[in-house]
Number of protein chains: 2
Amino acid sequence: MADAAQDLDLVFTRVVAVPPRLVWRCWTEPALLVRWFTPHPWKTIHAEVDLRPGGIFHTVMESPEGQVMDEPPGCWLEVVPHSRLVWTDALLPGFRPRPNPFVTAVLTFEEVAEGTRYTARVMHKDDADRERHAAMGFEHGWGAALDQLVGVARGLEA
Amino acid sequence: MADAAQDLDLVFTRVVAVPPRLVWRCWTEPALLVRWFTPHPWKTIHAEVDLRPGGIFHTVMESPEGQVMDEPPGCWLEVVPHSRLVWTDALLPGFRPRPNPFVTAVLTFEEVAEGTRYTARVMHKDDADRERHAAMGFEHGWGAALDQLVGVARGLEA
């Protein structure tokens, strides 16, 4: 989508050797999400998905020391089976605004000869949020989580 | 939609003697929006509509003294022809989060014998925002604008 503010985005993209339909399953089935969504040694201890615009997207993470991170749930904005997902933490389920919006993530899963071109474009409201997110380890975190997703997806193929 | 936080909403509802398809046109055609959207003696001097999820919804108002109020544009979240529109100012066009989110509005146009049951449910993030919006004259403002909408819609029928 054309957007004059793309320098406020962080973009992660990589080709992975699993088909889009399995990437899609990993992103949309709670029982799979908990297996890959948070880079080790943290883990996802709860995931909830109501896959329609305005429906809930909620994950709860736990550190190795047992610290639980349970942010308010976000919601889906676009759902295009096997190819595109958009979610935001700026709106609660049912589209209610919430304080301190941080990101909208646009995920695209494009079928390519090798498998899937996996792209996450993460949009922020200002430079400060973008820089904070980069410093939190955006690139490393999305890469480590994607490695875990590929491991889960390969188990589905077997 | 079920939502445990409905006491953060303001709701305006009234039956009007014009059919849903004309109410819909008044809400979605910029040339009509500028004729009714802002209660007199203020006026709407610009309206922009890209009627799809993530598409722009933008209006600019002007006071009788020439003071221009041009808030950042919002975007549509749901578009169900002739019956339901959802928009928010929490996301810019293309779904980018913005600072200081205030409202999401759910508009429903239900066909009834007399014409249209017109309902606006406006959702806030907290009590303070709800109270501020009520004090700004929510009920009166939506009523005055709707009277203007009905006037415009009747002209379309003629």
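**Notebook: the A–B contact and the cysteines**

I began with the contact area: chain B and chain A bury about 2,100 Å² between them. Carbon and sulfur atoms carry 65% of that area. I note that this is a predicted model.

Next I looked up who takes part. Chain B brings 27 residues to the contact, and chain A brings 28 residues.

Then I turned to charges. I found two salt bridges between chain B and chain A. One of the pairings I looked up is B:D9 with A:R96, whose side chains meet in a salt bridge at 2.9 Å, N to O.

I also checked polar contacts. Six residue pairs are in polar contact between chain B and chain A, with both residues at pLDDT 80 or more.

Which strands of chain B supply at least two residues each to the side that touches chain A? I noted β5 (74–80) and β6 (84–88). I then sorted that side of chain B by class: 15 residues are nonpolar, five are polar and seven are charged.

Last, I went through the cysteines. A search of the whole structure gave me zero disulfides over all chains. A:C75 is in no disulfide, and its nearest cysteine sulfur belongs to B:C75, 11 Å away. Why is B:C75 not bonded to A:C75? The two sulfurs are 11 Å apart, which is too far for a bond, because a disulfide needs the sulfur atoms within 2.5 Å.

Are these cysteines buried or exposed? I logged A:C75 as buried, at 0% relative accessibility. B:C75 is buried too, with a relative accessible area of 0%.

Methods: Residues are numbered from 1 along each chain as its sequence is written. Chains are lettered from A and ligands numbered from 1 in the order in which they are written. This is a predicted model: local features need pLDDT of at least 70, side-chain atom pairs count only at pLDDT 80 or more; totals for chains, interfaces and linings use all residues. Side-chain values use heavy atoms; hydrogens and water are left out. Contact means heavy atoms within 4.5 Å. Buried area is the accessible area (1.4 Å probe) that two parts lose on being put together, summed over both. A salt bridge is a side-chain nitrogen of Lys or Arg within 4 Å of a carboxyl oxygen of Asp or Glu. A polar contact is a pair of N or O atoms within 3.5 Å; within protein, one must be able to donate a hydrogen and the other to accept it, and residues adjacent in sequence count only if both atoms are side-chain atoms. Helices (H or I, at least four residues) and strands (E, at least two) are DSSP runs, numbered from the N terminus. Ala, Val, Leu, Ile, Met, Phe, Trp, Tyr, Cys and Pro count as nonpolar, Asp, Glu, Lys and Arg as charged, and the others, Gly among them, as polar. Buried means under 20% relative accessible area, exposed over 50%, partly exposed in between (1.4 Å probe, protein chains only).
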